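Work through the following exercises with the sequence and the 3D structure side by side. Each task is followed by a solution that goes step by step.

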Amino acid sequence: MSEQRQTKRDYYEVLGVPRDADLGQIKKAYRRLARQLHPDVNSNDPECEEKFKEATEAYEVLCDPEKRRLYDAYGHEGLRRGAGGAGGFGFDDFPGFGDLFESLFNSAFGGSPFGTTFTTARAEGPARGDDLAVELELTLEEAALGVDKEVVFTAHGVCPKCEGLGTPTMDSIKTCPDCSGRGRVRVVRRTMLGQFIQTGVCERCDGQGIVIGKPCPHCQGEGRLLMERKLTVHIPAGIDSGQRIRVSGKGGAGQRRAQSGDLYVRIRVAPHEHFERRGDDLYSQVDLTMCQAALGAVLTVPTLDGEAEVEFSPGTQPGETKILRGKGVPRLNGHGRGDHYLSVRVLIPRDLDENQRNLLREFDESCGLEHYQARSEGVLHRLRTFFTG
Ligand SMILES: [Zn+2]
Ligand SMILES: [Zn+2]
């Protein structure tokens, strides 16, 4: 065996990025280090050169999703396994190798049904986590104005005992002896129709190229467990029933540190005691007594922003609509708000005593029908302003 550097530093540490760093962070960190350590800048400084190599190696692994997954799951061991040791197959070059094999066989024997047929099956890595959907009920205000909400759900989470490795000790992770780490095995079958060469997923390691000698007893080597999970989800202002929010990577945990699934939060908005929402607009009713409608009034009405005083002019009619511009629901895209429509109901007294009835009779006699008619100009004006805003 060739060089073995046991004291390799953690790649994340080398680049100074967190374990969940995205590609952008990794690239940025590497660029920064490369500027500091580049041999052209630090000529004749062997330490810098060594560090530069180390950073480059870390960068090459962490910016390659497959290599990073292996590294996350099995550390440096995970990468060395395939990195060209005696008889080893890199996880990188193996698919190419397989294709080459396939085309060689196909050109040599292909075409005839009585020749050699070559079939392949894809090697499987540890399973990715499940995508999950949860429903979240919000009040109208929460949906309209935005909120941070905790959702609780049952899903696979990373095993806390082995931290997702599937084994308590790194030493028990070994290259699969059946497939020598390839994840695939080749089987030759002779049948009446001819010779078939098949490559299939290695059964012993389930295509993963490694076997775990001592599985974690807590998760049976899965690296994940079903558990109650909690997550605070940011709900943007303006969201509505039926819409969903995707929280990337927060679904079920993958098998042995494989990629997690996504969490989809589906929104349901509970009915509101005052408001009805249609798109970005709000609708509510406001009650004026007969006398308030006739005399005009200033009423306190609930709005999304709390109570507001709204003026109703004398002669306000039942069914009239007052529009509170820009008092509706904030638009999900962040640009402006809808309107709030107040629809007027006029309350007629139902239970009057003799004295009150007399007052009304007296009033009625003094008040001819012409007092109830809108001035024609007024009606037209109102119609115009209603339709043109
Ligand atoms: Zn475990
Ligand atoms: Zn195997």
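**Exercise 1.** Decide whether Ser241 counts as buried, exposed or partly exposed, and then find which residues Ser241 touches, leaving out those up to four places away in sequence.

*Solution.* Begin with the rule: a residue is buried if 20 or more other C-beta atoms lie within 10 Å of its own, exposed if 12 or fewer, and partly exposed in between, with C-beta atoms placed from the backbone. Ser241 has 14 C-beta neighbours inside 10 Å, and therefore it counts as partly exposed. Next, locate Ser241 in the loop between strand E8 (224–235) and strand E9 (244–247), where helices (H or I, at least four residues) and strands (E, at least two) are DSSP runs numbered from the N terminus. For the last step, two residues are in contact if their C-beta atoms, placed from the backbone, lie within 7 Å; by this rule Ser241 touches Ile267, Arg268 and Val269, not counting residues up to four places away in sequence. With Arg268 the separation is 27 residues in sequence but 4.4 Å in space, taken from C-alpha to C-alpha.

Before going on, keep in mind that this is a predicted model, in which local features need pLDDT of at least 70 and side-chain atom pairs count only at pLDDT 80 or more, while totals for chains, interfaces and linings use all residues. Residues are numbered from 1 along each chain as its sequence is written, and chains are lettered from A and ligands numbered from 1 in the order in which they are written.

**Exercise 2.** Work out whether Pro330 is buried or exposed, and name the residues with which Pro330 is in contact beyond its neighbours within four places in sequence.

*Solution.* Pro330 is found in the loop between strand E15 (321–324) and strand E16 (340–347). It counts as buried because it has 20 C-beta neighbours inside 10 Å. Leaving aside neighbours within four places in sequence, Pro330 is in contact with Ala144, Leu145, Ala237, Gly238 and Arg337. One of these partners, Leu145, is 185 residues away from Pro330 in sequence, yet their C-alpha atoms are 7.0 Å apart in space.

**Exercise 3.** Find which residues other than glycine have a positive phi in two of the loops, one of them after strand E3 and one after strand E4.

*Solution.* In the loop between strand E3 (147–158) and strand E4 (173–175), look at Glu163, whose phi is near 50 degrees, a positive value in a residue other than glycine. Glu163 counts as exposed, because it has 12 C-beta neighbours inside 10 Å. In the loop between E4 and strand E5 (184–191), look at Ser180, whose phi is also positive, near 50 degrees. Ser180 has 15 other C-beta atoms within 10 Å, so it is partly exposed.

**Exercise 4.** Describe how H2 and H3 are arranged, giving the angle at which their axes cross and the handedness of the crossing.

*Solution.* Two packed helices are described by the angle between their axes and the distance between the axes. Here axes are lines fitted to C-alpha atoms, for helices over the stretch in contact, and angles run from 0 to 180 degrees between N-to-C directions. The axes of H2 and H3 come within 10 Å and cross at roughly 165 degrees. That makes H2 roughly antiparallel to H3, since angles under 35 degrees count as roughly parallel, over 145 as roughly antiparallel, 65 to 115 as roughly perpendicular and the rest as oblique. The crossing is left-handed, a word used if the near helix is turned anticlockwise from the far one by less than a right angle, right-handed being the word if clockwise. Finally, list the residues that meet: Ile26, Tyr30, Leu33, Ala34 and Leu37 in H2, and Cys48, Lys51, Phe52, Ala55, Tyr59 and Leu62 in H3.

**Exercise 5.** Identify the residues with the most contacts inside the largest nonpolar core, and the elements that give two or more residues to this core.

*Solution.* A nonpolar core is a set of buried Ala, Val, Leu, Ile, Met, Phe, Trp, Tyr and Cys residues joined through C-beta atoms within 7 Å. The largest has 33 residues, and those with the most contacts inside it are Tyr11, Leu15, Tyr30, Ala55, Ala58, Tyr59 and Leu62. Two or more residues come from each of helix H1 (11–15), helix H2 (23–37), helix H3 (46–62), helix H4 (65–80) and strand E7 (210–212). Tyr11 itself is in contact with Ala58, Val61, Leu62 and Tyr71, leaving aside neighbours within four places in sequence. Apart from this core lies another, of 9 residues, among them Leu140, Ile239, Val269 and Leu282.
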